[in-house]
Amino acid sequence: MAATSRGATPVPPESRPRLTVLSGPSGVGKSTVVAHMRKEHPEVWLSVSATTRKPRPGEKHGVQYFFVTDEEMDKLIANGELLEWAEFAGNRYGTPRAAVLERLEAGEPVLLEIDLQGARLVRESMPEAQLVFLAPPSWEELVRRLTGRGTEAPEVIERRLTAARVELAAESEFDTTLVNTSVKDVARELLALMNVV
Ligand code: ADP
Ligand code: 5GP
């Protein structure tokens, strides 16, 4: 039987876990939920995106993101190395293709945490993917979380809130909505959707 480049036997497509995409407005709590989930279930593989955004305090290259220059992002796009990419609030973000396909082929549960435009692109290229929307309990709470995080300048928060209105209006395009009232509950629901628990 043919081996993959990692030496593992490929899992037949029909028995592979589906790719799961988690989207939702900036500040809703996507990173918090994913970090909580992965602490208890490190076997869930989270794609690390490339971005032209500058690191926030505490963010490390190769952990939260691959932080790249505009020129490096141009090359990734031109070489077809990204499964999808989008511009969000003044920066570009993209999902490295090879790693995602490799993990799916190995039969591992794969999670992408990407914006609405990226979710739409994944739906087009991989219709079997499940799209999960993370919604805030209310608009006021979203503003509170985004502002309270304290990582963005006021004009960047404004840009992200403008994008958030567009993202919230697209909720019906997703297969499932989870409301982020409790991080613990949402993480558990997400794991169940991914058939991990
Ligand atoms: P995103 O990744 O969606 O941009 P973050 O995970 O950075 O959002 O969360 C934004 C802010 O909201 C953070 O300060 C985080 O601690 C807080 N937060 C996340 N989930 C909850 C929750 N369920 N209840 C209260 N605060 C939350
Ligand atoms: P942040 O700058 O807050 O980390 O991310 C901003 C937005 O970009 C979030 O909605 C996040 O989900 C999204 N994002 C992160 N990585 C990717 C990616 O690879 N592709 C796309 N399309 N969006 C991404």
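In this predicted model, helix H5 meets helix H6 through Trp139, Leu142, Val143, Leu146, Thr147 and Arg149 on the H5 side. Their partners in H6 are Ile157, Arg160, Leu161, Ala164, Arg165 and Leu168. Sorted by class, this contact brings together eight nonpolar residues, one polar residue and three charged ones. Two packed helices are described by the angle between their axes and the distance between the axes. Here H5, which covers residues 139-149, and H6 have axes that come within 11 Å and cross at roughly 145°. The crossing of H5 and H6 is right-handed.

One detail of the H5 and H6 contact involves a charge and a ring. Arg165 places its charged end over the ring of Trp139, 4.1 Å from the ring centre. Both residues also appear in the contact between the helices, Trp139 from H5 and Arg165 from H6. The loop between H5 and H6 holds Thr151. Thr151 has a relative accessibility of 33%, so it counts as partly exposed. As for where Thr151 sits relative to Leu83, the two are 68 residues apart in sequence, and their C-alpha atoms are 28 Å apart in space.

Next come the aromatic residues. Searching the whole structure turns up four aromatic pairs. Phe88 and Tyr93 make an edge-to-face pair, with 6.3 Å from centre to centre and 75° between the planes. Phe88 and Tyr93 are both buried. In the pair of Phe133 and Phe174, the ring centres are 5.1 Å apart and the planes stand at 55°, so this pair is tilted. The Phe133 and Phe174 pair ties together distant parts of the chain, 41 residues apart: Phe133 belongs to strand S8 (residues 130-135), while Phe174 is in the loop between helix H6 (154-169) and strand S9 (176-179). Phe133 counts as buried because its relative accessibility is 0%. Phe174 is buried too, its relative accessible area being 9%. Elsewhere, Phe88 and Tyr93 join Tyr65 and Phe67 in one aromatic cluster.

The loop that carries Phe174 also contains a residue at the other end of the accessibility scale. Ser172 lies in this loop between H6 and S9, and with a relative accessible area of 70% Ser172 is exposed. Ser172 and Phe133 are 39 residues apart in sequence, with 8.9 Å between their C-alpha atoms.

Phe133 turns up again around Gly24. This glycine is in the loop between strand S1 (20-23) and helix H1 (30-40). A relative accessibility of 2% is why Gly24 counts as buried. Setting aside residues up to four places away in sequence, Gly24 touches Lys30, Phe133, Leu134 and Glu167. Of these contacts, Glu167 is 143 residues from Gly24 along the chain, yet the two C-alpha atoms are separated by 6.6 Å.

Lys30 is a shared partner: it is touched by Gly24, and it is also in contact with Glu113. Glu113 is part of strand S7, residues 110-113. Its relative accessible area is 21%, so Glu113 is partly exposed; the cut-off for buried is under 20%. With neighbours within four places in sequence left aside, the contacts of Glu113 are Leu22, Lys30, Ser31 and Leu46. Leu22 is 91 residues from Glu113 along the chain, but their C-alpha atoms are separated by 4.8 Å.

Finally, two residues have a positive phi without being glycine. For Ala89, phi is near 45°. Ala89 sits in the loop between strand S5 (82-88) and strand S6 (91-96), and its relative accessible area of 18% makes it buried. For Asn195, phi is about 60°. Asn195 falls in the segment after helix H7 (183-193). Its relative accessibility is 70%, so Asn195 counts as exposed.

How values were computed. Residues are numbered from 1 along each chain as its sequence is written. Chains are lettered from A and ligands numbered from 1 in the order in which they are written. This is a predicted model: local features need pLDDT of at least 70, side-chain atom pairs count only at pLDDT 80 or more; totals for chains, interfaces and linings use all residues. Side-chain values use heavy atoms; hydrogens and water are left out. Rings of Phe, Tyr and Trp (its six-membered ring) pair if their centres lie within 6.5 Å; planes under 30 degrees apart count as stacked, over 60 as edge-to-face and the rest as tilted. Buried means under 20% relative accessible area, exposed over 50%, partly exposed in between (1.4 Å probe, protein chains only). Helices (H or I, at least four residues) and strands (E, at least two) are DSSP runs, numbered from the N terminus. A charge sits over a ring if NZ of Lys or CZ of Arg is within 6 Å of the ring centre and within 35 degrees of the ring normal. Axes are lines fitted to C-alpha atoms, for helices over the stretch in contact, and angles run from 0 to 180 degrees between N-to-C directions. A crossing is left-handed if the near helix is turned anticlockwise from the far one by less than a right angle, and right-handed if clockwise. Contact means heavy atoms within 4.5 Å. Ala, Val, Leu, Ile, Met, Phe, Trp, Tyr, Cys and Pro count as nonpolar, Asp, Glu, Lys and Arg as charged, and the others, Gly among them, as polar.
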